[in-house]
Amino acid sequence: MRSRLFLKIYLTLLASLAAVAVASAAFVWLGRGEEDSGWQGQRARFITALIPPEMDRHSVEATLERFSRAFDADIAVYDRQGRLIASAGRPLPRDIGEGPSRHDRGKFHTMVTELPDGRAVAARMERPFRPVGRNPLAYLALIAGVIGLAAYPVVRHLTRRLERLRAGVDAWGRGDFVTRVPAQGRDEVAAVARSFNKAADHVERLIKSHRALLANASHELRSPLARLRMAIDLYEQAPDGNRKEEIVRNLAELDTLVEEILVASRLDHVETLDVQEAVDVLALVSEEGARNGVDVSGAPATVAGDVRLLRRLVRNLMQNAMRHGSPPVTATVSLAGNKVELRVRDHGPGIADGESARLFEPFYRPSGRSEAAGGWGLGLALVRQIAERHGGTVRHETPPDGGACFIVTLPAHRSAQR
């Protein structure tokens, strides 16, 4: 069953063709009437010049005889009262003057021309004594039919693509988030399909990310909550300073985890930063280094971005190196052309080469590391998100003498480039 859109478009096209055909037919008909009127006037003046009113009957009969032989026609001239003046050829019927022009049976054509002086000339011949043209209405009908047939597959192809797009949107709306629609061509329908596929990819990534984040966060929250509950129970039985510190430490861990979840969720929903300002990377890294006991060196460099997010990026890299690596931990800032590079290195056991690509996944735990030792949480995942929102990248390298080195590359601010 054809869709309503197809019927609307196709019927609109056919109605437009019909309207054009009717208007063209009316124009041709009116123009043809004016042409016939002009031709009849010229014909009447021509015949009057050949047989003027003052010509005698004998001369009129001689002239009609010549015309009759030349055109193989039956010709007669009548006066104002309709009485026969002269004729040539076969006799014409008595009701010849009732109409100006008509077709008789067979191939003969009869016409009557009224002269300015009141006389009338009737002629019967095989072909009309006027220009003969083909019927334009037949041509208009033929053209409309051809256009209608040619437009059918075009309109059907367009509406079929729209139907596939609608079916894809309906399936996606029912929860089938892997649904995509074909995007062939370069027209508006293909642009809409590509926009839908792009939006569907983005939403699918967000849903998968949120599902993974929720599952991993709920798992990671269990350990500090269990330790916190146990510490509170023990503290109630026997208050102790160490148990109080354990409660505070677990609360801080929960607070940090919840804060990281909120930041990760917010970064998933934004494409560009809300706030951008010139940030001195070396000064920012030096502040965090002093707070975390990390040696900082390098050259001044400026980037454009959100200072709070960049501060969290630096803090996460340093805390990750101190938690999972071994001292000394160093941070270096350098400027190379239009890129600012931050290197944070530790001297711990390092990361296996096969696991480097997964380090930036949320709550990833390297192989061989027990659950008690903790996972990498959201720290490095946030580092990657923040770097990407600033137009940069982050990667992991293994130095030749061991340890782990994380390198963040950000586009330099234009003033720093100059």
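## A walk from helix α4 to a lined cavity

Leu 225 sits in helix α4, which spans residues 188-237; helices here are DSSP runs of H or I with at least four residues, strands are runs of E with at least two, and both are numbered from the N terminus. The model is predicted, with local features needing pLDDT of at least 70 and side-chain atom pairs counting only at pLDDT 80 or more, while totals for chains, interfaces and linings use all residues. Residues are numbered from 1 along each chain as its sequence is written, and side-chain values use heavy atoms, with hydrogens and water left out.

Leu 225 is partly exposed, at a relative accessible area of 45%. On this scale buried means under 20%, exposed over 50%, and partly exposed in between, using a 1.4 Å probe and protein chains only. The C-alpha atom of Leu 225 is 7.5 Å from that of Asn 250, 25 residues apart along the chain.

Now to α6, whose 12 residues reach 16 Å from first C-alpha to last, close to the expected 16 Å (1.5 Å times one less than the number of residues). Its buried residues are Val 281, Leu 282, Leu 284, Val 285, Glu 288, Gly 289 and Asn 292. They line one face of the helix because, seen down the axis, they fall within an arc of 160°, taken from the directions from the axis to the C-beta atoms. Ala 290 and Arg 291 are exposed on the face turned away from that buried side.

Four elements each give at least two residues to the lining of the second largest cavity:

| Element | Residues |
|---|---|
| α6 | 281-292 |
| α7 | 307-324 |
| β10 | 339-346 |
| β12 | 404-411 |

The whole structure holds 4 cavities of 30 Å³ or more, and the second largest has about 90 Å³ of space. A cavity is a set of points on a 1 Å grid over the protein atoms alone where a 1.4 Å probe fits but cannot get out, and lining residues have an atom within 4 Å of a point. Points are joined across faces, edges and corners, and the volume is the space filled by probe spheres set on them. Among the lining residues are Val 281, Leu 284, Val 340, Glu 341 and Val 408.

Thr 409 also belongs to β12 and is buried, at 14% relative accessible area. Beyond four places in sequence, Thr 409 touches Lys 339, Val 340, Glu 341, Gly 392, Thr 393 and Arg 395, where contact means heavy atoms within 4.5 Å.

Terms used: On a 1 Å grid over the protein atoms alone, a cavity is a set of points where a 1.4 Å probe fits but cannot get out, and a pocket is an open set with protein on both sides within 12 Å along at least five of seven lines; lining residues have an atom within 4 Å of a point.
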